[in-house]
Amino acid sequence: MTSIAGLPDFLLYLAAAAGLTGLYLTVYTLATAHNEVALIRRDVSAASVALGGSLLGFTLPLAVAIYNARSLLDCLVWGLVALVVQIAVYWLVRLAVPDLSRRIEDDRAAAAILLGAASLAGGVVNAAAMTY
């Protein structure tokens, strides 16, 4: 059955992606000044928009890293690079909007949309840079 010959590698890279995504969410939620999970549980849409954009901004370059990886280690290293880029994007947006977290906590969409869009833009550029 050659059709499932790649299944072990698929499962390995899928597990690595899931682990990196979990690590990303942990690091990102600790790096931000607001508690996204608590806010989302309180139905604060702004937190969901910001975190969702950030998650997309991380997983897009992670997908490119998986596609271009020459080894699992290569994938893990580039996945960590994607994590660092997204944390940097958050801090850059926070510099531009110093009360970013308060605005997100107050469910103000403009700040959340800006952060989500910046995160996605950072992820697109990061992914493109990984296609070397």
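## Exercises on a predicted helical model

In this predicted model, α3 passes α4 in a right-handed crossing.

**Exercise 1.** Determine which residues form the contact between α3 and α4, and how these residues divide by character.

*Solution.* Step 1: on the α3 side, the contact is made by S54, G57, F58, P61, L62, A65, I66 and N68. Step 2: on the α4 side, the contributing residues are D74, C75, W78, G79, A82, L83 and Q86. Step 3: sorted by character, the residues of this contact comprise nine nonpolar, five polar and one charged.

**Exercise 2.** Establish the relative direction of α3 and α4 from the geometry of their axes.

*Solution.* Step 1: two packed helices are described by the angle between their axes and the distance between the axes. Step 2: helix α3 covers residues 45-68 and helix α4 covers residues 72-96; their axes come within 9 Å and cross at roughly 155°. Step 3: angles over 145 degrees count as roughly antiparallel. Step 4: α3 and α4 are therefore roughly antiparallel to each other.

**Exercise 3.** Describe the backbone phi, the location and the exposure of D43 and of D107.

*Solution.* Step 1: most residues other than glycine have a negative phi. Step 2: D43 is not a glycine, yet has a positive phi of about 70°; D107, also not a glycine, has a positive phi of about 60°. Step 3: D43 lies in the loop between α2 (36-41) and α3, while D107 lies in the loop between α5 (100-105) and α6 (109-129). Step 4: with a relative accessible area of 62%, D43 is exposed. D107, at 35%, is partly exposed.

**Exercise 4.** Compare the annotated transmembrane regions with the secondary structure of residues 12-32 and 76-97.

*Solution.* Step 1: the unreviewed UniProt entry annotates residues 12-32, 44-64, 76-97 and 109-129 as "transmembrane region". Step 2: residues 12-32 are 95% helix and 0% strand, with end C-alpha atoms 30 Å apart. Step 3: residues 76-97 are 95% helix and 0% strand, and their end C-alpha atoms lie 32 Å apart.

**Exercise 5.** Summarise the chain as a whole in terms of its elements, extent, burial and contacts.

*Solution.* Step 1: the chain has six helices and zero strands, giving the order α-α-α-α-α-α from the N terminus. Step 2: the C-alpha trace spans about 55 × 30 × 20 Å along its principal axes. Step 3: of the 132 residues, 38% count as buried. Step 4: among contacts with a separation of 6 or more, 77% join residues 24 or more positions apart.

Note on methods: Residues are numbered from 1 along each chain as its sequence is written. This is a predicted model: local features need pLDDT of at least 70, side-chain atom pairs count only at pLDDT 80 or more; totals for chains, interfaces and linings use all residues. Side-chain values use heavy atoms; hydrogens and water are left out. UniProt positions are given in the numbering used here, feature names are shortened, and annotations may be inferred rather than shown by experiment. Helices (H or I, at least four residues) and strands (E, at least two) are DSSP runs, numbered from the N terminus. Axes are lines fitted to C-alpha atoms, for helices over the stretch in contact, and angles run from 0 to 180 degrees between N-to-C directions. Angles under 35 degrees count as roughly parallel, over 145 as roughly antiparallel, 65 to 115 as roughly perpendicular and the rest as oblique. A crossing is left-handed if the near helix is turned anticlockwise from the far one by less than a right angle, and right-handed if clockwise. Contact means heavy atoms within 4.5 Å. Ala, Val, Leu, Ile, Met, Phe, Trp, Tyr, Cys and Pro count as nonpolar, Asp, Glu, Lys and Arg as charged, and the others, Gly among them, as polar. Buried means under 20% relative accessible area, exposed over 50%, partly exposed in between (1.4 Å probe, protein chains only).
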